[in-house]
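Colleague: I have a chain open on my screen and would like to go through it with you. Can you put it up so that we have the same view?

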Amino acid sequence: MSDDDDFMQASDEENYDFEYEDEDEAEAGGDVDVENKYYNAKQMKAESPEDAIDEFLGVPALEEEKGDWGFKGLKQAIKLEFKLGRYEQAVEHYTELLTYVKSAVTRNYSEKSINNMLDFIEKNADDQAANQCMEQFYSKTLDSFQATNNERLWLSTNTKLARLWLAQKDYGRLTDKVRELHKACQLEDGTDDPSKGTYSMEAYALEIQMYAETRNNKRLKGLYQRALKVRSAVPHPKIMGIIRECGGKMHLSEENWTEAQSDFFESFRNYDEAGSLQRIQVLKYLVLTTMLMGSDINPFDSQETKPYKNDPRIAAMTELVQAYQTDQINQYETILQKNRDLLADPFIAENIDEVTRNMRTKAVVKLVAPYTRFRLDFIAKRLKISIPEVQDIVGFLIMDGRLHGKIDQDAGTVEIESAVDAERMQAVADWSGAVKALAAFVLNESEGFKADDAGSSIGGGGPPGFTSGGETIVRGTAGGRGQRRRGPGK
């Protein structure tokens, strides 16, 4: 039996005997009055919720002992009070509701009803006061079921409480609560309890989200790998979607594009299976990763993503990736300017700049290809960006070896060295080096040019001659030729 659907229940089998005792008739009439009051209150919910609350709260008073109808009436009253912002009354009546779970209703029915009630409160809490009320609901639930030793409800409620603290970014209390959940999901020897694998995965998901938000990639990586190794559970696809999404963000921050793409795709697939709206946001991350890795593969070619190609919520990212893969820089910039709401997501805003820079870098290379000299303001005007940005991109290309040239900052120009000129200059440099090496070898190693320390030069003033090997080499004066003659004693 769910919170939203109430069914008429008969506590006993139908009795077709036509003889009734007065006591039985009175009891049957009382049940009818209670039932009528409950359904009358339900009809008032839409038009007059305040009156409906009073009517629902009157149901328990008609029962001599606590029973199903009083339990159901309190549930409906509490939900209406919460929606109307009557948080104190909601907590008060929830405390009364918890007294029914010990004997008035069955264990399974009470557990399911309480879980559904807490889910309703979690989904409808939209301000700080509602969150404080929700925390009181969790606290009273844990106190009530501690004595009954209902471990499933204890784990479920503590998981919801941990989600609340994650939403409030109360990482201190969240860390303690997650540690408590992990311990509760382990056997005495410290290994994971296979029967509690689902709760263990939820605890991992909460902790992974916390480390992703605090950018603690070191702890995140270890926890992420441990979570993927859990084989004792078949977790809800939304839980796996959360874990894979955080893994994708972690890999993207490390520029591990391939792993990031794989994780985002798996996250999208799990969210899609769970019917979660987060699938749209993760699909945007998948498209973003495709552009960052410079892939020519269209992310909407797969069977899972193809149905969303023309979805209005993803249209801007679809157009962006098409412009990126076809090197349409102006179209890319126009799409980005018209869809500034894309940057409302901090993760996209943080990483789209890298995509834009890559796009502009490719555009600069393509634009300057025919030129040997160009002005920085020419590129700035064509790409509609500032001159410092152009200078930064050109400098990066030169340092990366993708552009051979020099920047003249004073003149605002760039001189490009063509490949032919570079090869010619390199050949001249090689030839010059070879000549110098040959000259050095001839002068230093050839026997005919070695100086004789014992010889003496002719004339004290240093005439143009020197002796070597018993011969005197006489250098000619202007217009004359050098002559060789024998030295003395020869």
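**Going through the model**

Modeller: Over the whole structure, a search finds 0 disulfides. Keep in mind that this is a predicted model.

Colleague: Are C133 and C246 buried or exposed?

Modeller: C133 is buried, with a relative accessible area of 2%. C246 also counts as buried, at 7% relative accessibility.

Colleague: Stepping back, how many helices and strands does the protein chain have?

Modeller: The protein chain has 19 helices and 6 strands.

Colleague: And what share of the residues is buried?

Modeller: Buried residues account for 40% of the 490 residues in the protein chain. The accessible surface of the chain is about 28,800 Å², and 48% of that belongs to carbon and sulfur atoms.

Colleague: What about contacts across the sequence, how many join residues at least 24 apart?

Modeller: Taking contacts in the protein chain between residues at least 6 apart in sequence, 57% join residues at least 24 apart.

Colleague: Let's zoom in. Where does T159 lie?

Modeller: T159 is in helix 7, which covers residues 151-167. T159 is buried, with a relative accessible area of 3%.

Colleague: What does T159 touch, leaving out residues up to four places away in sequence?

Modeller: Four residues are on that list: L181, Y199, E202 and L206.

Colleague: On to charges. How many salt bridges are there?

Modeller: The count comes to 26 salt bridges.

Colleague: Which residue does R152 pair with?

Modeller: R152 forms a salt bridge with E111, and the closest N and O atoms are 3.1 Å apart. R152 lies in helix 7 and E111 in helix 5 (residues 107-124), so this pair ties together parts that are 41 residues apart in sequence.

Colleague: Buried or exposed, those two?

Modeller: They fall into separate classes. R152 counts as partly exposed at 47% relative accessibility, whereas E111 is buried, with a relative accessible area of 8%. E111 is classed as buried because the cut-off is under 20% relative accessible area.

Colleague: E202 came up with T159. Which salt bridge is E202 in?

Modeller: E202 forms a salt bridge with R163, with the closest N and O atoms 3.5 Å apart. R163 is in helix 7 and E202 is in helix 9 (residues 197-213), so the pair ties together parts that are 39 residues apart in sequence.

Colleague: And how accessible are R163 and E202?

Modeller: R163 is partly exposed at 28% relative accessibility. E202 counts as buried, at 17% relative accessibility.

Colleague: Which residue does E350 meet in a salt bridge?

Modeller: The side chain of E350 meets that of R215, at 2.8 Å from N to O. This pair links distant parts of the chain, 135 residues apart: E350 is in helix 16 (residues 346-368), while R215 sits in the loop between helix 9 and helix 10 (217-228). E350 is partly exposed, with a relative accessible area of 44%, and R215 is exposed, with a relative accessible area of 59%.

Colleague: Which residues are joined into one network by salt bridges that share partners?

Modeller: E122, R163 and E202 are joined in that way.

Colleague: Back to R215 for a moment. What is its phi?

Modeller: Phi of R215 is near 60 degrees, which is a positive value in a residue other than glycine. Most residues other than glycine have a negative phi.

Colleague: And E255, what is its phi?

Modeller: E255 has a positive phi of about 60 degrees, although E255 is not a glycine. E255 lies in the loop between helix 11 (237-253) and helix 12 (257-274). At 55% relative accessibility, E255 counts as exposed.

Colleague: One last spot. Where is H404 found?

Modeller: H404 is in the loop between helix 18 (387-399) and strand 2 (405-408). From C-alpha to C-alpha, H404 and V394 are 9.9 Å apart in space, and they are 10 residues apart in sequence.

Colleague: What is H404 in contact with, apart from its neighbours within four places in sequence?

Modeller: On that basis, H404 is in contact with E415, I416 and E417.

Definitions and conventions
Residues are numbered from 1 along each chain as its sequence is written. This is a predicted model: local features need pLDDT of at least 70, side-chain atom pairs count only at pLDDT 80 or more; totals for chains, interfaces and linings use all residues. Side-chain values use heavy atoms; hydrogens and water are left out. Helices (H or I, at least four residues) and strands (E, at least two) are DSSP runs, numbered from the N terminus. Buried means under 20% relative accessible area, exposed over 50%, partly exposed in between (1.4 Å probe, protein chains only). Contact means heavy atoms within 4.5 Å. Accessible areas come from the Shrake-Rupley method with a 1.4 Å probe; for residues, only the protein chains shown count as cover. A disulfide is a pair of cysteine sulfur atoms within 2.5 Å. A salt bridge is a side-chain nitrogen of Lys or Arg within 4 Å of a carboxyl oxygen of Asp or Glu.
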